[in-house]
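Reader: I should be grateful for a close look at one sheet in this structure and at the helix that lies across it. Please then place that part beside the helix contacts and the unusual backbone geometry found elsewhere in the chain.

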Amino acid sequence: MNQDLPTRYDATSVEDKWYARWEESGLFQPKPGPGKPVYSITIPPPNVTGSLHMGHALCYPLQDLLGRYKRLRGYEVMILPGQDHAGISLQIVVDKLLRKEGSSAAMIGRDAFLERAWQWRRESGGTILHQFRSLGCAFDWSRERFTLDDHYHDVVLKVFIEWFDRGLIYRGKRVVNWDPALKTSVSDIETDRKMVKGKLYHVRYPFADGSGHIVIATTRPETMLADVAVAVHPEDDRYKGLVGKTLTLPLVGRAIPLVADEYPDPSFGTGAVKITPGHDANDFEVGQRHGLPILVVFDASAKVNQEGGPYAGLDRFEARKRIVADLEEKGLLERVEDHEIALVVSEKSGEVIEPLASEEWFMSQRAIADRAIDVVERGEIRFHPERYKEVYLDWLRNIRDWNVSRRLWWGHRIPVYEAEDGTFVAAMSWEEAEQKSGKRIVAQDDQVLDTWFSSGLWPFAVHGWPEDTDDFRRYYPTDVLVTARDIIFLWVARMVMMGLDFTGQVPFRDVFVYATVLTEDGKRMSKSLGTGIDPMDVITTTGADSLRFMLFSQTGANQDIRYSDKRVAEARNFCNKIWNASRFVLMNVDGPVPEPAGSLLTIDKWLLSRLWSTERSVREAYETYDIQEAAQALYRFFWSELCDWYIEVSKPRLASPEERATPQWVLLTAIESFLKMAHPIMPFITEEVHSHLPGKDHELVMASAWPEPRPDWHDPEAEETVGRWFEATRALRALRAELGIGPGKQADLAYFEGDLGEGAGIVREQAWIGELRKGRPSEPSLSESLPGLDVHLPMAGMIDPAKETARLEKERARLEEEISRVKARLSDPTFSEKAKPEVVEKAKSDLSERELLHQKVMSRIAVFRELLD
């Protein structure tokens, strides 16, 4: 049997082999059975243009982990994969291809452009799904969906049409995030915010009657061309009696009113703000309250239009320079200050976003938001971590209308048709539009829907809705959504609203918000910043299991994960430990081992009890999405308890033909159980090792049952007893280290006071002691006190007392200096009152540690001085 497990673990060959085996065995498809509970997930569909990044390497294996765990627990598991058509992203890709060919979208037209987009999707669109296989994701590829599939497209149109007919979708003008490069509006999630050094311009707005002026501060003087008012707070005493007067807009000469509104902050600057409804979302709301006109001074390319008078045709940033120069020339520029600006940039094009009032299609979300609030408040949908519940609720309670239109060609074309009399109708086709309107149709709207509109239907559209299909009845609602925190309102909330509105049910029961993967020093991972790490490179060098364990071992309630090569190496070392320890055990068994008939030793009971406790901890951790605790519990059990202690203690028994059966059975029982519990985290190595266990070569872990340690294995008394043995062993090892006796080198004699029972021999062997006597030594010794037990290690001939005393005196002086410094810091009121609570607690903890160490050093000095005397 031992010959079957190679000397070294080769992740590449193992991982490729087992993924193919699982897929060939049909294990990715659900396996219905009588009374079998169902567990379903529809994965967040990655963009068709996407390739694997470290966030994906956490998000999608997490879903695989949950599915593998539930499969082991006897559930019928269905995890449905698919892709989003990624409207803007794929449009950009095709645009770039056309430019390389000397062509453009405008030159080839809409139909030819869409054909090129579909061609790209067929040839290159599956990259990320293939990469999911490399991560071990056991998804049901037979159910793969795409958000532009024919059926899915029909669902999107049906939903839009129903909302249109109910009056929830309307055409109107609102301020949107306008991308001048792409010439379309984009959602908040498709923008990045970065702080840059800019300028704050203080401009004089004179009263029309010549009675003075008001100073306005702005970072975007080019937008003043579209100003329609100046606003002040109604309780700002500086402007008592002035509200209602008329100002003259600098450079333009337009008369604009001074209005009172709650929006301005009286404590900031002069308390007066310019109101530009066409280029600022807050100003738009002010304009609506006061019935102000909406002026837009930029065209789709962010060049000044005819409303800008002498500045027409200038790019917005060139217009800024000209306007500032003209203001200065006319004596209207009071001053310019350096100012840090939060610049909003398009994630897709890199262009600075221009807030711009545009005629778009909007959806009134308020009408369907209340039910989405209720189901979360009632606990029908639960957030993990729970704090994200408030993020979700806060957004819904303050919800605004949703801009659902995009000026693109790739995507779901808006099914609104214009009749010859200028009225609109929503329909599945041109023919249906004419039937519904009873008029001649002259045009279809040429925009497409926001990608988040179609992806919001994902949990039920993929299962055949609106038809009452078997899959819809069986797998909807789904059990959990695994998602990122930055799309809780853009996607999660909309899925809940859409699911409730069209199916009457919540789309999922749990929302698991996974952590953000950062660099080792806490920076955002980004290819453009040079901080990105390609997960495929990590998989190639260390294997998918190492990457998965590294990420999962940090995935708990915390919301930031630090990636580092060191952590990956530690995870790889754990894989090697699993491999080498299992190989050692297999070298010491000849085949299946029955449970021994005789009584177990305390050390055997201890490991089985630890197995019982570990199974309980791991199961509870998986159930509550505390993956970090599951990984750490498995690590502790295998590396520390099984390998460092039980295997080492059992080696003499394994070498004895008369005694080996019991530790063989215990080891095989523990390893098999561990492999099954660890399988959701590290599927490949656990499957490979399990296939070499005696009698298991035809059984797949993935298709097996979760381990169920017997209740009678739970033995707190054995755990306490053996725990005491190991504490004594560790204490003696620490005393050996103080005396400079290296690991493995035998110390002749040690003493103990207390009760070690049958563990005295284990302590002697594991602490590398020649003789362990019960009692207290008469000669000078180093000692350590434990609860109910003291251990002593004689020093005679082991150490130079003078040199050791001198070393300890230096250590004492160093500790006293540090203690004095920390005490002074804690006694400083400034530190105690202003420092963060966690910083103060850390200082207190450091002080306690140093004081305890100081006590130990002083006791050691006393011992060595006794030797010198």
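Author: The account below begins with the sheet, continues with the helix contacts and closes with the backbone. The model is a predicted one.

The sheet is open and is formed by 4 strands in the order 27-26-29-28, with mixed pairing. Strand 27 and strand 28 (781-786) occupy the edges, and each has a single partner strand, so one side of each is left without a neighbour in the sheet. On average, and with direction ignored, neighbouring strands of this sheet are turned by 20 degrees against each other. In general terms, the strands of a sheet pair through backbone hydrogen bonds, in either a parallel or an antiparallel manner.

Strand 26 illustrates the mixed character of the pairing. With strand 27 (residues 769-774), strand 26 (residues 747-754) pairs in the parallel sense over 5 bridges. Within this pair, lysine 774 of strand 27 is the residue that stands opposite phenylalanine 752. To pass from strand 26 to strand 27, the chain runs through helix 24 (residues 760-766), and the resulting β-α-β crossover is right-handed. The pairing of strand 26 with strand 29 (residues 789-794) is antiparallel instead, and extends over 4 bridges. Here tyrosine 751 is set opposite histidine 792 of strand 29. Phenylalanine 752 thus stands opposite a residue of strand 27, and tyrosine 751 stands opposite a residue of strand 29.

Helix 23 (residues 716-738) lies across strand 26, strand 27, strand 28 and strand 29. Relative to strand 29, helix 23 runs at about 30 degrees.

Two helix pairs elsewhere in the chain may be set beside this part. A packed pair of helices is described by the angle between the two axes and by the distance between them.

For helix 18 (residues 565-587) and helix 22 (residues 683-690), the axes come within 11 Å and cross at roughly 5 degrees. Angles under 35 degrees count as roughly parallel, which makes helix 18 roughly parallel to helix 22. Helix 18 contributes Cys575, Ile578, Trp579 and Ser582 to the contact, while helix 22 contributes Ile685, Glu688 and Val689. Sorted by class, this contact of helix 18 with helix 22 has 5 nonpolar, 1 polar and 1 charged residues.

Helix 2 (residues 54-72) and helix 19 (residues 602-623) also have axes that come within 11 Å, but their crossing angle is roughly 130 degrees. Helix 2 and helix 19 are therefore oblique to each other. The crossing of helix 2 with helix 19 is left-handed. On the side of helix 2, the contact is made by Leu65, Leu66, Tyr69 and Lys70, and on the side of helix 19 by Arg619, Tyr622 and Glu623. The classes in this contact of helix 2 with helix 19 are 4 nonpolar, no polar and 3 charged residues.

The loop between helix 19 and helix 20 (627-654) holds tyrosine 625. Although tyrosine 625 is not a glycine, its phi is positive, at about 65 degrees.

Finally, there are cis peptide bonds to consider. One joins histidine 384 and proline 385, with omega about -5 degrees. Proline 385 has its place in the loop between strand 15 (382-384) and helix 10 (388-397). Another cis peptide bond joins tyrosine 476 and proline 477, where omega is about 0 degrees. Proline 477 belongs to the loop between helix 14 (470-475) and strand 22 (478-483).

Definitions and conventions: Residues numbered from 1 in each chain as written. Predicted model: local features only at pLDDT ≥ 70, side-chain atom pairs only at ≥ 80, totals over all residues. Heavy atoms only, no water. Axes fitted to C-alpha atoms, helices over the stretch in contact; angles between N-to-C directions. Helix = DSSP H or I, 4+ residues; strand = E, 2+ residues; numbered from the N terminus. Parallel < 35°, antiparallel > 145°, perpendicular 65-115°, else oblique. Left-handed = near helix turned anticlockwise from the far one by under 90°. Contact = heavy atoms within 4.5 Å. Nonpolar A, V, L, I, M, F, W, Y, C, P; charged D, E, K, R; others polar. Pairing = 2+ DSSP bridges. Right-handed = clockwise from strand over helix to strand, strands pointing away.
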